[in-house]
Amino acid sequence: MLVIDASSLDVHDINTKIKNAISKGMKVKVRNADRVYGIAAGLAQGEVEIDGDVGDFVAMLIGTREQKEKGEPGPRITINGNAGNYLADGAWNGEVVVKGNAGFGVGIYAYGGRIIVYGSAGDGVGQVLKGATIIINGDVGDEAGLYMVGGDIVIIGNAGKLLGNWMIRGRIFVGGEYESLGNNTREEIPSSDEREYLRKLLSKYDIAFNVGKFRKIVPLSVRPFYSR
Amino acid sequence: MSSKLYSKIVSHKYHETIYRKAWEEIRYKAETGKYIVRGFGYAGKLPDFDDLILIPTHGLGTSPPVDQYRETVDTSVVIGKGRVKRPLVLRTPVIIAAMSYGATSREFKLACAKAANMLGTASNTGEGGMVIDKEPDGTIRWTEYEHAKPNGYLFVQFASGRWGVSVDYLLHSDAIEIKYGQGAKPGFGGHLLGEKVMSNIAYIRGIPEGTDCLSPARHLDIRSIDDLKKVIKILRDITNYEKPIGIKLGPGRTYKEVYTAAQLDIDFIAIDGKYGGTGASPQHAIQNLGTPTIACITAALKALKRAGVYGQVALIAMGGFRDGGDVAKALALGANAVAMASSIEIAAGCMLCGQCSTGRCPSGICTQDPELRARIGGGKGIEVAARWIANYIKVVTKEVAQLAAACGHRSIKEFEREDLRALTIEASTIAGVKLIGLEDYVNPSSY
């Protein structure tokens, strides 16, 4: 395993070291990364563990389109601390696990892969989400799922204002309360198949929750824009 | 009141009011409850390149004209020189501007890439992702990029919807353009109506078929200059500092925005003026938001100079370029290159029928309908459309070279403001160009 002390390195130095180590089949651990952004951005494969907190844009654009379409595994990134803003921004494939909390825009624009935050997340979870699965074990802030066109957002705790605002497709499952629903949303009861899917998904990540409590938020209209 | 002429007079006067022209639009809005969404660009006359004229030299206290039939004029442009590992070395100042796959057809996008290869210039994916194909084993072929090779280049756009943006997309490119806006609808983000989101577009963009595709008005993960700096640095990292990275702006508060952008680590700024086109925009945006192209270039130039990066950060002008005269005038105003979209579509067969936003383009350009797409190149295919585009740009380049020669230049890089005069007081003031005849600036502080 390669251990990188990120305290005096910039994003390109760190990511070059990570890619070189992974190309040799090594796992990577990064320390002292709380001031660094963009760690593991664009990573296509391999395992990276980050000890402590980390900055913005971690795991941006991880995984490749080709890999996702072929069903091949992507990279795995574990953060044993808190993550900054835009975690796994635009990800295509792989798995990102945060043991602590995450900031604004978890999984923003993400096409695929899974993003799991064991703590709580800020505003803007899964905005313009296209196909990734996001699990937040705690609460989320406002406007989660804005303009989402696909994928799943699973919120175990409570959500803030305008949940699913102007969502076009995709699903949001919320276990707790929400302050308000966004425009173009409708609340439904998840089907038994969906509850089973959620049960399996959560058990994979050792999250104990009564899936019978989930409510589902879906788009009201699939064409909410233009000359409305 | 008894005269028969009365009603005639009144009727004529009514028809001369400003409401006569607006009548149809008002009734449309009243009957449908909808605003108008349409393609193409600004309808009307703004101060533009027709208001400027190039003045040739005779060699009497001025540099002698270059003999355009015997001598050559260098038309090359380099973007990212001394800044990135793989700068773009273009053989012409004319680039094919961003037009998205989705707004336009696969055949048109591939014709543009092919034309870029034929000419040694660049095409641009636009914001809808790249035209790709899948091999039977699932391997992706980056078809649009391949069509631009070996002599051409492909810009990929990184816009607020991030449609089709992946690491492999960024790596199959020659330059990255971070899109902030476009001439037809600055401040409005992007629109692709569900009618045009057929299966392949849905696949490329990663959205369900028939979905209206909305690019938000701003990047949702760039909420500050600090975020933008981080994104640029990450894109540099992902592409290993090989490719030029730049920002495309619509015609907004150009001076301030370019000045801010110029202080970031970028290699080019592309600025789209008010004549810039669109596949689909709300008409009130097309007609009411923005700045004329000649004003954009002047304001951008001032900002780049004040930031101390003019000549290092390339300025690409867009919006309303039709011929070598327009291009030469933009270069004289201070642009390093221009990018064309509407004229490229016309070269490829556009008949200005106004169906862009509906997807019923009869020329196979702004459509996803397989039958209409088959009409590309007059029904003769991508090769023919590519040749039309290449012929057109070749002629425009020749025109630019000949105009440069007449102004005494051996390279298009020698164009300067002194080559220009304004034909109107407005253009003189807006573009900061001396007024013809007066031989001075109308407003010396304008430049």
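Biologist: What separates the centres of domain 1 and domain 2 of chain B, and how far apart are they?

Modeller: In this predicted model, the centres of domain 1 of chain B and domain 2 of chain B, taken over C-alpha atoms, are separated by 39 Å. Domain 1 covers residues 5–34 and domain 2 covers residues 49–415 of chain B, bounds that come from an automatic or database domain assignment.

Biologist: How do you know whether the radius of gyration of chain B agrees with that of a compact globule?

Modeller: The rule is 2.2 Å times the number of residues to the power 0.38, and for 447 residues it gives a radius near 22 Å; chain B has 23 Å, and therefore agrees with a compact globule. Along its principal axes, the C-alpha trace of chain B spans about 85 × 65 × 50 Å, and chain B contains 15 helices and 18 strands.

Biologist: What makes α11(B) oblique to α14(B)?

Modeller: Two packed helices are described by the angle between their axes and the distance between those axes. For helix α11 (residues 324–333) of chain B and helix α14 (residues 382–406) of chain B, the axes come within 8 Å and cross at roughly 55°. Angles under 35 degrees count as roughly parallel, and those from 65 to 115 as roughly perpendicular; the crossing angle falls in neither range, so α11(B) is called oblique to α14(B). The crossing of α11(B) and α14(B) is right-handed.

Biologist: Which residues of α11(B) and α14(B) meet, and of what class are they?

Modeller: From α11(B), Gly324(B), Gly325(B), Val327(B) and Ala328(B) meet Val396(B), Glu399(B), Val400(B), Leu403(B) and Ala404(B) of α14(B). By class, this contact has six nonpolar, two polar and one charged residues.

Biologist: What radius of gyration would a compact globule with the residues of chain A have, and what does chain A have?

Modeller: For 228 residues the expected radius is near 17 Å, and chain A has 17 Å, so the value agrees with a compact globule. The C-alpha trace of chain A spans about 50 × 40 × 30 Å along its principal axes, and its secondary structure comes to three helices and 11 strands.

Biologist: Which elements of chain A give two or more residues to the side that touches chain B?

Modeller: The contact takes 40 residues from chain A and 30 residues from chain B. On the side of chain A, the elements giving two or more residues are α1 (11–23), α2 (65–70) and β8 (149–155), and the largest share, four residues, comes from α2(A). By class, that side of chain A has 19 nonpolar, 12 polar and nine charged residues.

Terms used. Residues are numbered from 1 along each chain as its sequence is written. Chains are lettered from A and ligands numbered from 1 in the order in which they are written. This is a predicted model: local features need pLDDT of at least 70, side-chain atom pairs count only at pLDDT 80 or more; totals for chains, interfaces and linings use all residues. Two residues are in contact if their C-beta atoms, placed from the backbone, lie within 7 Å. Ala, Val, Leu, Ile, Met, Phe, Trp, Tyr, Cys and Pro count as nonpolar, Asp, Glu, Lys and Arg as charged, and the others, Gly among them, as polar. Axes are lines fitted to C-alpha atoms, for helices over the stretch in contact, and angles run from 0 to 180 degrees between N-to-C directions. Angles under 35 degrees count as roughly parallel, over 145 as roughly antiparallel, 65 to 115 as roughly perpendicular and the rest as oblique. A crossing is left-handed if the near helix is turned anticlockwise from the far one by less than a right angle, and right-handed if clockwise.
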